Amino acid sequence: MLTAAFVWGKDHCMKFFCVTGGMAESAGIRRKEVRMRRFEEGQPRALTQVVCNMCGRELRLENGYLREGCFSGDVLFGYFSRRDGISHHFDLCEDCYDKVIARFRVPVEEKEGTELV
(Lines give C-alpha, C1' and ligand atoms only; values in the text may rest on other atoms or scores of the structure.)
Protein backbone atom coordinates (compact mmCIF):
# COMPACT_ATOMS: atom_id res chain seq x y z
CA MET A 1 0.00 0.00 0.00
CA LEU A 2 1.28 3.47 -0.88
CA THR A 3 -0.15 6.78 0.32
CA ALA A 4 1.27 10.07 -0.92
CA ALA A 5 0.47 13.79 -0.68
CA PHE A 6 2.01 17.08 -1.80
CA VAL A 7 1.69 20.12 0.48
CA TRP A 8 3.39 23.49 0.89
CA GLY A 9 5.34 23.68 4.14
CA LYS A 10 5.81 26.72 6.40
CA ASP A 11 9.36 27.00 5.01
CA HIS A 12 7.88 27.59 1.52
CA CYS A 13 9.10 24.23 0.26
CA MET A 14 6.82 21.79 -1.49
CA LYS A 15 6.66 18.69 0.67
CA PHE A 16 5.95 15.17 -0.51
CA PHE A 17 4.71 12.77 2.13
CA CYS A 18 4.65 9.07 1.37
CA VAL A 19 3.80 6.12 3.57
CA THR A 20 4.36 2.60 2.28
CA GLY A 21 3.65 -0.83 3.60
CA GLY A 22 6.82 -2.80 4.33
CA MET A 23 8.42 -5.95 5.73
CA ALA A 24 11.33 -5.69 8.17
CA GLU A 25 14.58 -6.36 6.34
CA SER A 26 17.98 -4.86 6.86
CA ALA A 27 19.06 -2.39 4.20
CA GLY A 28 22.65 -1.22 3.88
CA ILE A 29 22.19 2.55 3.65
CA ARG A 30 25.22 4.82 3.65
CA ARG A 31 24.68 8.21 5.20
CA LYS A 32 26.54 11.41 4.40
CA GLU A 33 27.48 13.65 7.29
CA VAL A 34 26.34 16.78 5.41
CA ARG A 35 23.17 18.20 6.93
CA MET A 36 20.52 19.22 4.42
CA ARG A 37 18.87 21.79 6.66
CA ARG A 38 20.29 23.94 9.38
CA PHE A 39 18.34 26.14 11.76
CA GLU A 40 19.37 29.04 13.94
CA GLU A 41 19.09 28.32 17.65
CA GLY A 42 16.44 30.12 19.69
CA GLN A 43 12.78 30.89 19.30
CA PRO A 44 11.53 30.85 16.61
CA ARG A 45 14.04 28.68 14.80
CA ALA A 46 15.08 30.39 11.59
CA LEU A 47 16.18 28.38 8.58
CA THR A 48 19.87 29.13 7.86
CA GLN A 49 20.81 26.51 5.24
CA VAL A 50 19.17 24.16 2.73
CA VAL A 51 21.34 21.84 0.61
CA CYS A 52 20.12 19.87 -2.43
CA ASN A 53 20.61 16.17 -1.69
CA MET A 54 21.32 15.35 -5.33
CA CYS A 55 23.87 17.97 -6.46
CA GLY A 56 24.98 19.31 -3.06
CA ARG A 57 24.31 22.94 -3.99
CA GLU A 58 23.25 25.29 -1.21
CA LEU A 59 19.89 26.88 -2.01
CA ARG A 60 19.42 30.65 -1.74
CA LEU A 61 17.91 31.87 1.55
CA GLU A 62 16.92 35.36 2.64
CA ASN A 63 15.80 36.16 6.20
CA GLY A 64 15.11 32.49 6.90
CA TYR A 65 12.99 31.96 3.75
CA LEU A 66 13.89 30.03 0.62
CA ARG A 67 14.19 32.32 -2.39
CA GLU A 68 14.16 29.62 -5.05
CA GLY A 69 12.19 26.48 -5.85
CA CYS A 70 12.72 23.49 -3.57
CA PHE A 71 11.15 20.03 -3.59
CA SER A 72 11.11 18.49 -0.13
CA GLY A 73 10.33 14.77 0.16
CA ASP A 74 9.40 12.81 3.28
CA VAL A 75 8.72 9.10 3.39
CA LEU A 76 7.94 6.75 6.28
CA PHE A 77 8.36 3.13 5.25
CA GLY A 78 5.89 0.69 6.77
CA TYR A 79 5.12 -3.02 6.64
CA PHE A 80 6.24 -5.04 3.60
CA SER A 81 9.05 -2.59 2.84
CA ARG A 82 12.79 -3.30 2.98
CA ARG A 83 13.04 -0.23 5.26
CA ASP A 84 10.27 -1.04 7.74
CA GLY A 85 9.95 1.79 10.28
CA ILE A 86 12.61 4.01 8.70
CA SER A 87 11.87 7.53 7.48
CA HIS A 88 13.79 9.51 4.87
CA HIS A 89 13.78 13.24 4.15
CA PHE A 90 15.40 14.97 1.19
CA ASP A 91 15.44 18.33 -0.59
CA LEU A 92 15.98 18.88 -4.32
CA CYS A 93 16.71 22.12 -6.17
CA GLU A 94 14.51 22.74 -9.21
CA ASP A 95 17.20 21.62 -11.67
CA CYS A 96 17.60 18.25 -9.91
CA TYR A 97 13.84 17.88 -9.53
CA ASP A 98 13.51 18.35 -13.31
CA LYS A 99 16.18 15.67 -13.89
CA VAL A 100 14.38 13.22 -11.58
CA ILE A 101 10.91 13.64 -13.08
CA ALA A 102 12.31 13.51 -16.63
CA ARG A 103 13.15 9.85 -15.95
CA PHE A 104 9.58 8.91 -14.94
CA ARG A 105 7.83 6.51 -17.31
CA VAL A 106 4.50 7.98 -16.25
CA PRO A 107 4.66 11.80 -16.25
CA VAL A 108 3.76 13.80 -13.17
CA GLU A 109 0.30 15.30 -12.99
CA GLU A 110 0.54 19.05 -13.33
CA LYS A 111 -2.00 21.72 -12.57
CA GLU A 112 -1.65 25.42 -12.05
CA GLY A 113 -2.20 26.75 -8.55
CA THR A 114 -4.18 29.89 -7.88
CA GLU A 115 -2.73 30.70 -4.43
CA LEU A 116 1.02 30.68 -3.82
CA VAL A 117 2.16 30.95 -0.22
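## A ring to start with

Is Phe90 buried, partly exposed or exposed? Phe90 counts as partly exposed, because its relative accessibility is 29%, and the partly exposed class sits between the 20% and 50% cut-offs. Keep in mind as you look around that this is a predicted model.

Now for the partner of Phe90. The structure has two aromatic pairs in total. In one of them, the ring centres of Phe71 and Phe90 are 6.0 Å apart and the planes meet at 40 degrees, so this pair is called tilted. The pair ties together distant parts of the chain: Phe71 belongs to strand β7 (residues 70–77), Phe90 belongs to strand β8 (residues 87–93), and 19 residues separate the two. Phe71 is buried, since its relative accessibility is 9%. Tyr97 joins in as well, making one aromatic cluster with Phe71 and Phe90.

## The overall layout

Let's step back to the whole protein. Its secondary structure adds up to eight strands and one helix. Walk along the chain from the N terminus and you meet the elements in the order β-β-β-β-β-β-β-β-α.

How much of the protein counts as buried? The figure is 25% of its 117 residues. As for the outside, the accessible surface is about 9400 Å², and carbon and sulfur atoms supply 53% of that. There is also a number for how the chain meets itself: take the contacts with a separation of 6 or more, and 46% of them come from residues 24 or more positions apart.

## Cysteines without a bond

A disulfide is a covalent bond between the sulfur atoms of two cysteines. How many disulfides does this structure hold? The count is zero.

Why does Cys52 have no such bond? The closest cysteine sulfur to that of Cys52 is in Cys96, and the gap is 3.7 Å, which is too far for a bond. The cut-off here is 2.5 Å. Cys96 has a similar story: the closest cysteine sulfur to its own belongs to Cys93, and at 3.6 Å that is too far as well.

And where do these cysteines sit, buried or exposed? Cys52 is buried because its relative accessible area is 2%, and Cys96 is buried too, at 3%. Cys93 also falls in the buried class, with a relative accessible area of 2%.

## A closer look at Cys93

You'll find Cys93 in strand β8. Which residues does Cys93 touch, once its neighbours within four places in sequence are set aside? Its contacts are Cys52, Cys55, Arg57, Leu59 and Gly69.

Cys93 also shows how folding brings parts of the sequence together: Asn53 is 40 residues away along the sequence, yet the C-alpha to C-alpha distance between Asn53 and Cys93 is 8.4 Å.

## Two more side-chain meetings

Have a look at Gln49, which is part of strand β4 (residues 47–50). Gln49 is buried because its relative accessible area is 15%, below the 20% cut-off. What does the side chain of Gln49 make a polar contact with? The partner is the side chain of Glu58, at 3.1 Å.

Finally, find Phe77 and Arg83. The charged end of Arg83 sits over the ring of Phe77, at 5.6 Å from the ring centre.

Note on methods: Residues numbered from 1 in each chain as written. Predicted model: local features only at pLDDT ≥ 70, side-chain atom pairs only at ≥ 80, totals over all residues. Heavy atoms only, no water. Buried < 20%, exposed > 50% of the residue type's maximum accessible area, 1.4 Å probe, protein only. Helix = DSSP H or I, 4+ residues; strand = E, 2+ residues; numbered from the N terminus. Contact = heavy atoms within 4.5 Å. Areas by Shrake-Rupley, 256 points an atom, 1.4 Å probe, with all protein chains shown as cover. Phe/Tyr/Trp six-rings, centres within 6.5 Å; stacked < 30°, edge-to-face > 60°. Lys NZ or Arg CZ within 6 Å of the ring centre and 35° of its normal. Polar contact = N/O pair within 3.5 Å; in protein donor to acceptor, adjacent residues only side chain to side chain.
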